[in-house]
Amino acid sequence: SHPWDSLAEEIQVGSKVTGRIVNVADYGAFLEIKPGVEGLIHVSEMSWSQHLRNPQEFMNVNDEISAVVLTLDRQERKMSLGIKQLTEDPWTQGSLKEKYAIGTRHKGVVRNLTNFGLFIELEEGIDGLVHVSDLSWTKKIKHPSDFVKVNDELEVVVLELDADNRRLALGHKQLEENPWDTFESIFEVGSVHKSTIVAKGDKFATLELPYGIEGVASIKNLAKEDGTFAEVGESLDFTVLEFLKDEKKIVLTHSKVKGVPAEEKKEAKAAKAPAAESVNKEVEKSTFGDLSVLSALKEQLEESVK
């Protein structure tokens with residue numbers, strides 16, 4: 001007779017069984033409970049995580065493991081099994097709302113990159129999404145792979161928790177203050193900054209300003225006093241025309257513009273805040289890779305205002 005015919009009657013849905021892994025595929029693994037009787041553990045039944053992983057992360061051929069019977073059809077000789085059912089669903093744990101309260105900080109492992117962001121596993125079964133726009137205040141990141149790799153560790157802050165729908169929104173840039181609050185007092189309209197032209201399009205040029213942030217200037221505002229136009233690679237003084245904090249956009253000009261007496265404003269600003277000017281000079285040398293620059297800068301700005 002077939003081995004299935006002698007499968008113990010007490011094995012039912014919900015029973016715990018033990019056996020040996022005989023095959024691992026992309027979609028799951030087969031557990032042999034006794035010779036000739038196997039059940040499939042689908043990859044989605046291996047972890048409480050929302051994001052399917054490779055079954056080989058959980059088990060290998062010849063591993064002895066326990067599982068729970070999820071479905072059983074003795075006529076068809078088919079059985080599906082799960083191993084996550086042996087542990088508590090982490091999304092239902094009582095301490096979840098406290099542990100992942102908004103504003104709490106956590107370290108996690110990058111599990112998956114998509115065009116719009118990345119998924120981070122904070123503990124077995126619990127992962128959250130960091131949207132690409134929440135990676136950096138100052139860098140324009142087109143794809144998360146420009147910032148991190150799968151299996152990297154990343155520190156994050158909880159922005160939102162929806163336990164019922166198993167959704168966790170996380171941010172990385174929120175570990176630091178928004179530097180644009182401070183930039184507002186540095187890149188005031190009319191202030192002048194040494195900036196480098198990094199790219200030119202048909203209508204606009206992209207500039208690199210102090211602290212490694214980006215600015216834009218219209219091509220016509222690249223006109224120099226001798227009538228020629230500044231080229232990519234040139235570093236010149238640019239005057240701020242507009243500071244748009246919410247859009248993270250700074251519009252500048254090299255050419256003199258009516259209504260912005262740049263030189264007078266520059267002198268007035270220098271007289272008002274010598275510390276800010278000297279900090280500007282110091283920080284122009286470094287880039288904005290490390291936001292500790294920012295805190296030093298804020299202190300000096302505050303000193304100069306007192």
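Begin by selecting Glu32 and Arg20, which form a salt bridge whose closest N and O atoms are 3.5 Å apart. Glu32 belongs to strand E2 (residues 28–34) and Arg20 to strand E1 (residues 16–24), so this contact ties together parts that are 12 residues apart in sequence. Display the surface of the two residues next. Glu32 counts as buried, because its relative accessibility is 19% and the term applies under 20%. Arg20, with a relative accessible area of 29%, is partly exposed. Please note that the model is predicted.

**The barrel around E1 and E2**

Widen the selection to the strands themselves. E1 and E2 are part of a barrel closed by five strands, in the order E1-E2-E3-E5-E4, with mixed pairing. From one strand to the next the twist averages 50°. To examine one seam of this barrel, select E2 together with strand E3 (residues 37–42); six bridges pair them in the antiparallel sense. Within this seam, place a label on Leu31, which stands opposite Gly39 in E3. In general, the strands of a sheet pair through backbone hydrogen bonds, either parallel or antiparallel.

**The second barrel**

Move now to strands E6 to E10. Five strands form a closed barrel in the order E6-E7-E8-E10-E9, and here too the pairing is mixed. Neighbouring strands of this sheet are turned against each other by 50° on average, direction ignored. Select strand E7 (residues 117–123) and E8, which run antiparallel and are joined by six bridges. Leu118 may be labelled here, with Val130 in E8 as its bridge partner.

**The largest pocket**

Keep E8 in view and turn to the largest pocket, which holds about 300 Å³ of space. Which residues should be selected to find its centre? Of the 19 residues that line this pocket, Leu129, Arg166, Arg167, Leu168 and Ala169 are the closest to the centre. Then colour the contributing strands: E8 (126–131), E9 (153–162) and E10 (167–171) each supply at least two residues of the lining. E8 gives the most, with five residues. Coloured by class, the lining shows eight nonpolar, five polar and six charged residues.

**Further salt bridges**

The salt bridges of the model come to 11 in count. For another of these, select Lys200 and Glu231, whose side chains meet at 3.3 Å, N to O. This pair links distant parts of the chain: Lys200 is in strand E11 (residues 192–200), whereas Glu231 is in the loop between strand E13 (214–218) and strand E14 (235–244), 31 residues apart. Are these two residues buried or partly exposed? Lys200 is partly exposed, with a relative accessible area of 30%, and Glu231 is also partly exposed, at 43%.

Stay in the loop and select Lys224 and Glu234, a salt bridge with its closest N and O atoms 2.8 Å apart. Both Lys224 and Glu234 lie in the loop between E13 and E14, so the pair ties together parts that are 10 residues apart in sequence. Lys224 has a relative accessible area of 24% and is partly exposed; Glu234, at 23%, is partly exposed as well. As a last stop, select Glu57, Arg111 and Glu121, which are joined into one network by salt bridges that share partners.

Conventions
Residues numbered from 1 in each chain as written. Predicted model: local features only at pLDDT ≥ 70, side-chain atom pairs only at ≥ 80, totals over all residues. Heavy atoms only, no water. 1 Å grid on protein atoms, 1.4 Å probe; cavity = no way out; pocket = protein on both sides within 12 Å on 5 of 7 lines; lining within 4 Å. Points joined across faces, edges and corners; volume = space filled by probe spheres on them. Helix = DSSP H or I, 4+ residues; strand = E, 2+ residues; numbered from the N terminus. Nonpolar A, V, L, I, M, F, W, Y, C, P; charged D, E, K, R; others polar. Salt bridge = Lys/Arg side-chain N within 4 Å of Asp/Glu carboxyl O. Buried < 20%, exposed > 50% of the residue type's maximum accessible area, 1.4 Å probe, protein only. Pairing = 2+ DSSP bridges. Axes fitted to C-alpha atoms, helices over the stretch in contact; angles between N-to-C directions.
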